[in-house]
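Biologist: Please give me a close look at the places where the backbone takes an uncommon turn. I should then like to see how those places relate to the interior of the chain.

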Amino acid sequence: IGEGSFFECFMIGYDQPLVIPENVTYIGPDAFNSCYALGGVRLPEGLTYIGDSAFSNCENVCGELVLPTTLTYIGEFAFYLCPFDVGNLIIPEGITIINQYAFAETAFDSTLVLPSTIQTVDDYAFFGVGFDEIIIYAEQPPQLEQTPLTEGCPIYVFDNCYSVYKNWRSNDQIHKLSERGSVWYDVWYY
């Protein structure tokens, strides 16, 4: 789906989920930017690229956002001001950077899961998002730019990485995954 293909297309979706076809691997910059009536987004397995501001300003998007496991790039402002309001935000394996403002001002309020491949969380990537907890599967802490993660919520890491992370963030914010009380990683981590 090319750059700006449906930019400011006010009727697309009209309070219904937009189902991206299975054969789509690329969603270009601004492809669905400012599609105000869009009611939700369903992304296919096989999708590898979401461009800058691809879904930015889709202010009526609701429901769950499930990112495909094949995704390798999420652009700047990709989902900025999209009020997804259900479920966890699970960043798939293969993603190395969360670009600036990629998920800023979304309404996720449950769990953020960052993959083992994450290296950088860029400026304000999650600005204004109130996660209850963050789970990071990377053995080394990602590079953090300006205020990219929710302040004060617990961050869970693998037990063998705990000492590395304790020097990374405030001592009361980092916890061992074994202390969480569930085996989330058995279900998700692959």
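Modeller: Glu 105 is partly exposed, because its relative accessible area of 31% lies between the limits of 20% and 50%. The model is a predicted one, and every value that follows is computed from it. The residue sits in the loop that runs from strand S7 (97-98) to S8. Its phi is positive, at about 60°, although Glu 105 is not a glycine. Such a value deserves attention, because most residues other than glycine have a negative phi.

Ser 53 also departs from that rule: its phi is near 55°, positive in a residue that is not glycine. Ser 53 belongs to the loop between strand S4 (49-50) and strand S5 (73-74). Is Ser 53 buried or exposed? Ser 53 counts as buried, because its relative accessible area is 15% and the limit is under 20%. One positive phi therefore belongs to a partly exposed residue, Glu 105, and another to a buried one, Ser 53.

The interior can be described next. The largest nonpolar core has 55 residues, and those with the most contacts inside it are Leu 43, Phe 55, Phe 79, Phe 103 and Phe 126. Strand S8 (111-114), strand S10 (133-136) and strand S12 (155-157) each contribute two or more residues to this core. Phe 55 shows how one such residue is surrounded: leaving aside residues up to four places away in sequence, its contacts include Leu 18, Ile 27, Phe 32, Leu 43, Phe 79 and Cys 82.

Cys 82 leads to the cysteines, among which the structure holds zero disulfides. Cys 35 is in no disulfide, and the nearest cysteine sulfur, in Cys 58, is 5.1 Å away from its own. Cys 58 in turn has its closest cysteine sulfur in Cys 82 at 4.8 Å, which is too far for a bond because a disulfide requires sulfur atoms within 2.5 Å. Cys 35 has 0% relative accessibility and so counts as buried; Cys 58 is buried as well, with a relative accessible area of 0%.

The loop between S2 and S3 brings together interior and surface. Gly 39 lies in that loop and counts as buried at 10% relative accessibility. Its C-alpha is 4.5 Å from that of Val 61, although the two residues are 22 apart in sequence. Tyr 36 is found in the loop between strand S2 (26-27) and strand S3 (40-42), but it is partly exposed, with a relative accessible area of 30%. Together with Phe 10 and Met 11, Tyr 36 makes a nonpolar surface patch of about 320 Å².

The whole chain gives the setting for these details. Its secondary structure comes to two helices and 13 strands, and buried residues make up 49% of its 190 residues. The chain exposes about 8,400 Å², of which carbon and sulfur atoms supply 49%. Of the contacts between residues at least 6 apart in sequence, 38% join residues at least 24 apart.

Definitions and conventions. Residues numbered from 1 in each chain as written. Predicted model: local features only at pLDDT ≥ 70, side-chain atom pairs only at ≥ 80, totals over all residues. Heavy atoms only, no water. Core = buried A, V, L, I, M, F, W, Y, C linked by side-chain atoms within 4.5 Å. Buried < 20%, exposed > 50% of the residue type's maximum accessible area, 1.4 Å probe, protein only. Helix = DSSP H or I, 4+ residues; strand = E, 2+ residues; numbered from the N terminus. Contact = heavy atoms within 4.5 Å. Patch = residues over 30% accessible without salt bridge, like charges linked within 9 Å, V, L, I, M, F, W, Y side chains within 5 Å. Areas by Shrake-Rupley, 256 points an atom, 1.4 Å probe, with all protein chains shown as cover. Salt bridge = Lys/Arg side-chain N within 4 Å of Asp/Glu carboxyl O.
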